[in-house]
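Trainee: I'm new to this one and would like a close look at a single part: the places where chain B meets its partners. Could you walk me through that?

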Amino acid sequence: MAQDGLSVGVKAVIGREEIGALIAALSARGWRVLGPRVRDGAIIYDDVAGLDDLPAGWTDTQEAGRYRIERRTDAALFGYAVGPHSWKRFLHPPVERLWQARREGDKVTIIAEKNDEKFAFLGVRACELAAIMVQDRVFMEGPYPDTAYRKRRENTFLIAVNCGEAGGTCFCVSMKTGPKAQAGFDLALTELIEGERHEFLVEVGSEAGGAVLADLPRRPAAPEDIAAAEAVTARTANAMGRTLETEGLKELLQGNPEHPRWDDVAQRCLACANCTMVCPTCFCTTIADVSALDGTAERVRKWDSCFSLDFSYIHGGSVRKETKSRYRQWMTHKLAHWIDQFGTSGCVGCGRCITWCPVGIDITEEAASIRADSGKCQEGGNGRA
Amino acid sequence: MTAAEDPFIPLPYCVGRVRRETGDTASLELLPLAGPRPSFKAGQFNMLTAFGVGEVAISMSGDPAETEGFVHTVRNVGAVSGALARLETGAALGLRGPFGTAWPTEEAIGADVLIVAGGLGLAPLRPAIYEVLARRERYGRVVLLYGTRSPRDILYRAEMGRWRRRLDVDIEITVDHADPAWHGNVGVVPRLIPRMSFDPQNTFAMVCGPEVMMRFTASALHEAGVSFERIWISMERNMKCAIGLCGHCQFGPDFICKDGPVMRYDRIASLLAVREI
């Protein structure tokens, strides 16, 4: 395949219609193509069969506790930021069977799952690419890699789309994850719209990506095309809705478990778990064992949230009874302990937790507030030395 | 995909001998139905599955030097532990493990050993007791302090009796609530510490019990002159996966399942002082 593919780093230009050809080419190669669609008043990720499924001419407006989709004046295919879904729902599904057990007499046989599906993700934002790499570290780089995740991940084709719009709650620039995808993709697109022109700059990020692009009608990228794409992401970078100061943030949070701000946020937080469900890196799960009358039993893994009372339950009661301690656990884990555990922040700056919080709690504002008056509180940290 | 390749898949085991320890607690011998029993270190735990009910983390309570099966002491405190505690000889169950960190029985060679248990906390310590007693000559003084709610709740009663008759182990048992037949100590276990004879400068303390008991025990040991670097405790948190992937057992930056359960006190003392961490 290498001889008829395009090598890594090659840049080309394709027309808007060729996105449909790209979907067809991936389907023909056996990938289940997933991409953005408009559904229930939001842009979500699901199967896409062609160009018509994409959210042409739609954008989103986001603020703390607020999300709306609106019509654009152009026909951009990727003219929005991010919606409530993330690619996590495919690589680390909300509900997943781990195994089945069948009893025959005294003998119990355990049957593993296959997990042989091949996904192609169309429209992966730079922050989402970073989130996938964060979950790669969680699920694949520890002492016990997650077999199901690894199999799905190894079979995934990633098409990044660099952002032409910054959402109102975005702060990828602060987290150094975007708005331009740097690595980890098979193909990266930048949507170029100017007057009558509607094209995409395509960058090849892998051999598999080069082979797919080789099937599409295209022209080589001229320096002006590359400059136009750079201008798109530069403009987005300057339009970030939020900022988060990350310098010393780990020590700040680990050193302030008794900060009065935790009481303050607990007065507003509903412990509804929305932030953990929309977060593209939150990975916590619980298990449920189910048995049927025919003698089979199965174990199902489901997304769980550190905001639930059950999450920390041990006989005698839950460890984190108060909302204060549950919010503190979530935010300190995300921005601080994660660095001790996995060598990276757990936050990619996508802004979903801010947008989808029903009461508009803003992680960047909470962190800034703790930083503003941390002088009153204890020094030192509770992290690993 | 075999269980050996996927740490989420339990291996089939069956129940061997069952010993009813107290009214709600049983020790189960678990025998592998396929292949040898993996080796384990004192302090480690397994995930036990009652098929169709659920899975729960339980420390080994048997002797690591015995190779036939695992021994687990299970108290009926919930749906899964109840289903396990009711299992009878021959019953099938699933097992994943061993997981987690171990008691410092190697590091403690040459030093005095102080083992402090509260309630069911004696179970995860028993493998360490076996290891120390099997190589008794390598250690200095050996002290075992054990506190339970009442005389009825004393675990491993026959074995405790045998250990008490040994001249090279100092054992004290205390109960919260005595009955008329009880002539021993009454009160919480940390109160026994000042009465015991050991060299605080050269002692390894291994402590397991409810979190509040472990904190008071560590304070009492510290007052007696044992440094926090020589005190080890076994932590308990909700666990669903035992391999650092489900997030439930987080304790600050640590996962109790893989950075614990046995942890050095000086490394977690500041977190233990924070409510609901």
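Mentor: Sure, let's start at the border between the two chains. Across the interface of chain B and chain A there are 19 residue pairs in polar contact, counting pairs with both residues at pLDDT 80 or more. That cut-off is there because this is a predicted model. On the side of chain B that touches chain A, the elements giving two or more residues are β3 (45-50), β4 (54-59), β6 (92-99), β14 (254-255), α5 (256-259) and α6 (265-272). Of these, β6(B) brings the largest share, four residues. Sort that side of chain B by class and you get 20 nonpolar, ten polar and twelve charged residues.

What about salt bridges? The count between chain B and chain A is two. One of them joins the side chains of A:Glu322 and B:Arg275, at 3.4 Å from N to O.

Now for the extent of the contact. It takes in 42 residues of chain B and 50 residues of chain A. The area buried between chain B and chain A is about 3900 Å², and 56% of that is given by carbon and sulfur atoms. If you want residues to click on in chain B, try B:Leu245, B:Pro253 and B:Glu276: they lose the most area to chain A, together 18% of what that side buries.

There's a second border to look at, and this one lies inside chain B. The domain assignment splits chain B into domain 1 (11-99) and domain 2 (112-234). Their contact takes 16 residues from domain 1 of chain B and 14 residues from domain 2 of chain B. Measure from centre to centre over C-alpha atoms, and the two domains are 24 Å apart.

Domain 1 and domain 2 of chain B bury about 1200 Å² between them, with 56% of it on carbon and sulfur atoms. On the side of domain 1 that touches domain 2, β1 (11-22), β2 (25-32) and β5 (70-75) of chain B each give two or more residues. There, β5(B) supplies the largest share, three residues. By class, that side of domain 1 has five nonpolar, eight polar and three charged residues.

Last, the pairings across this inner border: the rule finds zero salt bridges between domain 1 and domain 2 of chain B, while three residue pairs are in polar contact, both residues at pLDDT 80 or more.

Key. Residues are numbered from 1 along each chain as its sequence is written. Chains are lettered from A and ligands numbered from 1 in the order in which they are written. This is a predicted model: local features need pLDDT of at least 70, side-chain atom pairs count only at pLDDT 80 or more; totals for chains, interfaces and linings use all residues. Side-chain values use heavy atoms; hydrogens and water are left out. Domain bounds come from an automatic or database domain assignment. Contact means heavy atoms within 4.5 Å. Buried area is the accessible area (1.4 Å probe) that two parts lose on being put together, summed over both. A salt bridge is a side-chain nitrogen of Lys or Arg within 4 Å of a carboxyl oxygen of Asp or Glu. A polar contact is a pair of N or O atoms within 3.5 Å; within protein, one must be able to donate a hydrogen and the other to accept it, and residues adjacent in sequence count only if both atoms are side-chain atoms. Ala, Val, Leu, Ile, Met, Phe, Trp, Tyr, Cys and Pro count as nonpolar, Asp, Glu, Lys and Arg as charged, and the others, Gly among them, as polar.
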